[in-house]
Number of protein chains: 4
Amino acid sequence: MNVSTVPVHTNEADSRQKRRAEILAAASALFAEQGYHKASISGIIERANIARGTFYLYFSSKHAILEAILDEAIQGLRARIRRIDMGRDAPSPRQQLRDNILRVLQYVTSEPALTQLVLEHGLGPDDEVAERVLRFYRHASELIESSLRHGIELGVVRDCDVGVTAAASLGAIRGVVAHLLLGDSEADLEQVTDEVIAFALGGLGFPG
Amino acid sequence: MNVSTVPVHTNEADSRQKRRAEILAAASALFAEQGYHKASISGIIERANIARGTFYLYFSSKHAILEAILDEAIQGLRARIRRIDMGRDAPSPRQQLRDNILRVLQYVTSEPALTQLVLEHGLGPDDEVAERVLRFYRHASELIESSLRHGIELGVVRDCDVGVTAAASLGAIRGVVAHLLLGDSEADLEQVTDEVIAFALGGLGFPG
Amino acid sequence: MNVSTVPVHTNEADSRQKRRAEILAAASALFAEQGYHKASISGIIERANIARGTFYLYFSSKHAILEAILDEAIQGLRARIRRIDMGRDAPSPRQQLRDNILRVLQYVTSEPALTQLVLEHGLGPDDEVAERVLRFYRHASELIESSLRHGIELGVVRDCDVGVTAAASLGAIRGVVAHLLLGDSEADLEQVTDEVIAFALGGLGFPG
Amino acid sequence: MNVSTVPVHTNEADSRQKRRAEILAAASALFAEQGYHKASISGIIERANIARGTFYLYFSSKHAILEAILDEAIQGLRARIRRIDMGRDAPSPRQQLRDNILRVLQYVTSEPALTQLVLEHGLGPDDEVAERVLRFYRHASELIESSLRHGIELGVVRDCDVGVTAAASLGAIRGVVAHLLLGDSEADLEQVTDEVIAFALGGLGFPG
DNA sequence: AATGAATGAGGGTTCATTCAT
DNA sequence: CATGAATGAACCCTCATTCAT
């Protein structure tokens, strides 16, 4: 007797996902604006135009939504970072590195709120939240380390402490990301990428 | 023949300073462990073994003690960073840069709790607290920028976007600092410094 | 045929108003018993049988509920005091004055807690709360003053310093109100009113 | 071997009394300015220029000093109110009443801080503090009542409910006192007294 | 007697979470 | 599913009082 013989399931699931996304968007905007701690459930539900109880139908806690947001951001970043292919037919490692950085910077500037949150967390104390971000950084770091090791083997990267150097490289990118986020004007990402590459590969050019 | 025939008064002031330092230490440790927000006055006074009211005899608020801690850390860092002297009789710029980095890394590893806090703050949204840390980062960034500009003029630094490059450099150091803080083992700071210098000045050594 | 086919909505609003009134009642009683300062939120919520947070769903602060209570009391009093109509068709001024006093005394004895609070406040130093009560007293005083002036013009009131006399008149009523509140037995308000009128209009009857 | 062979006892007692009076003065000024509750021990000792512990050498609690202040005020008032002497050689009752009122008004304006406190208290809830003030009011009220009864017996006062009329009379004076305290300008107390007397004895002059 | 650092009970308020409707 | 009134633990902070010096 139900009027809608259409796949109710899909509709419901769709609308559920949509609602969920709305709440997620409201929360990440608020978190970015006020910081996780200062932001309140009240603020989120007001922005998302939902009732208080509804929030808990989609997320089990305030903490949970932060994790979801960070996961989204991390996933976004991960998807844009690709392991450098040393195969013959692949583009040059430098080109691949450049592409990675450019994609990251593009993502980061297209999602400033998410980025803000990733930047903000992942340094704090051993929190379950920080854990995830930390794991991402560790993942990125390992990616860099393995590339460095590979490069050293191939003789294209000078011999160095890969742990320290990877930390420095990752930090450099983080620094540039923060720089982009703070800057009001829109920067030419291609150019910025080239600067980063130049710095990472050639340093400042100081004479040895 | 005792050097200190100074007034007994010092005792009072000393004990006050001592107590203050104890509270400061308890708070830094707790803030570093749990983060500023999660840490509570209760936790601080328990760790410092003082009564609730006593805390407020030394610091006007929870916020105030964080500021005091951050100020101390920033001051500690600032004191270890010296503008590079380009004079003839000065050590080589590279040597001076190395000294700066080494001093910072030494301080940072000697004060992991303070460092943790500085690392943690200054990224969130406009917090009154973050302000100070941000200002420090900005200060450091400007120092680097001006050095870069100077180096470019002298022809010892290749032409680059000083804003981006300074952000990358500062980020690289922050990255290494975070790396040191997370690492359980004690690293040889001299060696780490050399790695940082090598990375900053010569990059990865990738062939153009 | 039910007069109220009004929306069911009223139920919600009603229950909210009811709850609010309960808290208001609990607070008035406690304030009257212990005084505003000694009374605590804990005491109020215990008496009202609500949780701590619930209180703040209805009143933004302890201060706010006092204001609400005082406003209610003042409004109650104001509503019972009417400017004396000197028109031809109006009852005699004496009758109108009598009605005013009787209504006030009736209200005051029906709301001893509220009265206690109004009596208690408006005398301390410039408190934001006292302000409202003070304004009410000033309003009442001005009403009396203008009546006195009018009476003097008409020759029915002897020439006097209206400021002082109004203060004395208002004080006399306050005194009687306090007297009624302290007295355990229930007084005949009509009789008391007549006494007040007799005193106010004819004094003690002492021979000049 | 004591240098001072003078009655040390007296000196000490004197200085103790002096100190005590200073604290009392500081406290009553502060209480009058800020109200009893808002005023703090810190405020008192700062104003009295004594150490925190010293306060408790002279008064056992914050409450105790309020009691002492109120006692002083009440004593001051009591000393200025004299039972009306109906003896033949005595001045006329009216004159005696006038003298009483004038003395009270003089005292009250000379000690605004104390008066403020008496006015403020004595209406609040059944507090130990209010008790004393209340007792004073009751005392004054009984004095008036007995005078009224006497006057009625003598036929110089019209027959009335002495309880109500005494309350009204006392209230009238309180009202005038408050009026004087609030007024910035200095009033001619003799004139004010005459107004009060005229009101109390003859009322407003309204035609019966 | 005088001091003032230390105390800790108690204050008002917030806010993430729950649950009856 | 959606609601939002209700909850209460936990928060930061104040301040009258104490006591070792």
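# Exercises on a predicted protein–DNA model

No contact joins chain A and chain C, and their closest C-alpha atoms lie 13 Å apart. Keep in mind throughout that this is a predicted model.

## Exercise 1: Chains that stay apart

Find out what separates chain B and chain D at their nearest C-alpha atoms.

**Solution.** Begin with the pair from the opening: chain A and chain C have no contact, with 13 Å between their closest C-alpha atoms. Then turn to chain B and chain D, which do not touch either, their nearest C-alpha atoms being 13 Å apart.

## Exercise 2: The surroundings of DNA strand F

Describe the protein surface near DNA strand F, going from the nearest residues to the residue classes and then to single atom pairs.

**Solution.**

1. Start with the neighbours. There are 31 residues around DNA strand F, and A:Thr54, B:Arg52, C:Gly53, C:Thr54 and C:Tyr58 come nearest.
2. Place the surface on the secondary structure. Chain A supplies at least two residues from helix 1 (8-34) and at least two from helix 3 (52-58), while helix 3 (52-58) of chain B, of chain C and of chain D each supply at least two as well.
3. Sort by class. The count gives 13 nonpolar, 9 polar and 9 charged residues.
4. Look at the DNA side. Sugar or phosphate holds 57% of the strand F atoms within 4 Å of the protein, and bases hold the rest.
5. Check the phosphate oxygens. One is 2.6 Å from an N or O atom in the side chain of A:Thr54. The backbone takes part too: a polar backbone atom of A:Ala51 is 3.3 Å from a phosphate oxygen, and a backbone N or O atom of C:Ala51 lies 3.1 Å from a phosphate oxygen.

## Exercise 3: The surroundings of DNA strand E

Repeat the work for DNA strand E, and find which residue has a polar side-chain atom 3.2 Å from a base oxygen.

**Solution.**

1. Among the 31 residues around DNA strand E, those that come nearest are B:Gly53, B:Thr54, B:Tyr58, C:Arg52 and D:Thr54. Of the strand E atoms that come within 4 Å of the protein, sugar and phosphate account for 57%.
2. Helix 3 of chain A, of chain B and of chain C each give at least two residues to this surface, as do helix 1 (8-34) and helix 3 of chain D.
3. The classes come to 13 nonpolar, 9 polar and 9 charged residues.
4. Now the phosphate oxygens: a polar side-chain atom of B:Thr54 lies 2.6 Å from one, and an N or O atom in the side chain of A:Tyr56 is 3.3 Å from one.
5. The base oxygen completes the answer. The residue is C:Arg52, with a polar side-chain atom 3.2 Å from it.

## Exercise 4: Two domains in chain A

Work out how domain 1 and domain 2 of chain A meet.

**Solution.** First set the bounds: domain 1 covers 1-59 and domain 2 covers 63-208. The contact draws 12 residues from domain 1 of chain A and 12 residues from domain 2 of chain A. Over C-alpha atoms, the two domain centres are 31 Å apart. Between them the domains bury about 940 Å², with 80% of that area on carbon and sulfur atoms.

## Exercise 5: Helix 6

Decide whether helix 6 of chain A is mostly covered or mostly open, and name its buried residues.

**Solution.** Helix 6 of chain A spans residues 112-120, and 7 of its 9 residues are buried, so by the cut-off of under 20% relative accessible area it is mostly covered. The buried residues are A:Leu114, A:Thr115, A:Gln116, A:Leu117, A:Val118, A:Leu119 and A:Glu120. Just past the helix, A:Gly122 has a positive phi of about 85°.

For a check, try chain D. Its helix 6 (residues 112-120) also has 7 of 9 residues buried, and D:Gly122, which follows the helix, has a positive phi near 85°.

## Exercise 6: Two side chains compared with the cut-offs

Classify A:Glu190 and C:Leu182 as buried, partly exposed or exposed.

**Solution.**

1. A:Glu190 sits in helix 9 (residues 189-202) of chain A. Its relative accessibility is 40%, so A:Glu190 counts as partly exposed.
2. Beyond neighbours within four places in sequence, A:Glu190 is in contact with A:Arg98 and A:Leu102. The side chains of A:Glu190 and A:Arg98 make a polar contact at 3.0 Å. These two residues are 92 apart along the chain, with C-alpha atoms separated by 9.1 Å.
3. C:Leu182 belongs to helix 8 (residues 162-182) of chain C. Its relative accessible area is 53%, so C:Leu182 is exposed.

Key. Residues are numbered from 1 along each chain as its sequence is written. Chains are lettered from A and ligands numbered from 1 in the order in which they are written. This is a predicted model: local features need pLDDT of at least 70, side-chain atom pairs count only at pLDDT 80 or more; totals for chains, interfaces and linings use all residues. Side-chain values use heavy atoms; hydrogens and water are left out. A residue is near a molecule or strand if one of its heavy atoms lies within 4 Å of it. A polar contact is a pair of N or O atoms within 3.5 Å; within protein, one must be able to donate a hydrogen and the other to accept it, and residues adjacent in sequence count only if both atoms are side-chain atoms. Helices (H or I, at least four residues) and strands (E, at least two) are DSSP runs, numbered from the N terminus. Ala, Val, Leu, Ile, Met, Phe, Trp, Tyr, Cys and Pro count as nonpolar, Asp, Glu, Lys and Arg as charged, and the others, Gly among them, as polar. Buried means under 20% relative accessible area, exposed over 50%, partly exposed in between (1.4 Å probe, protein chains only). Domain bounds come from an automatic or database domain assignment. Contact means heavy atoms within 4.5 Å. Buried area is the accessible area (1.4 Å probe) that two parts lose on being put together, summed over both.
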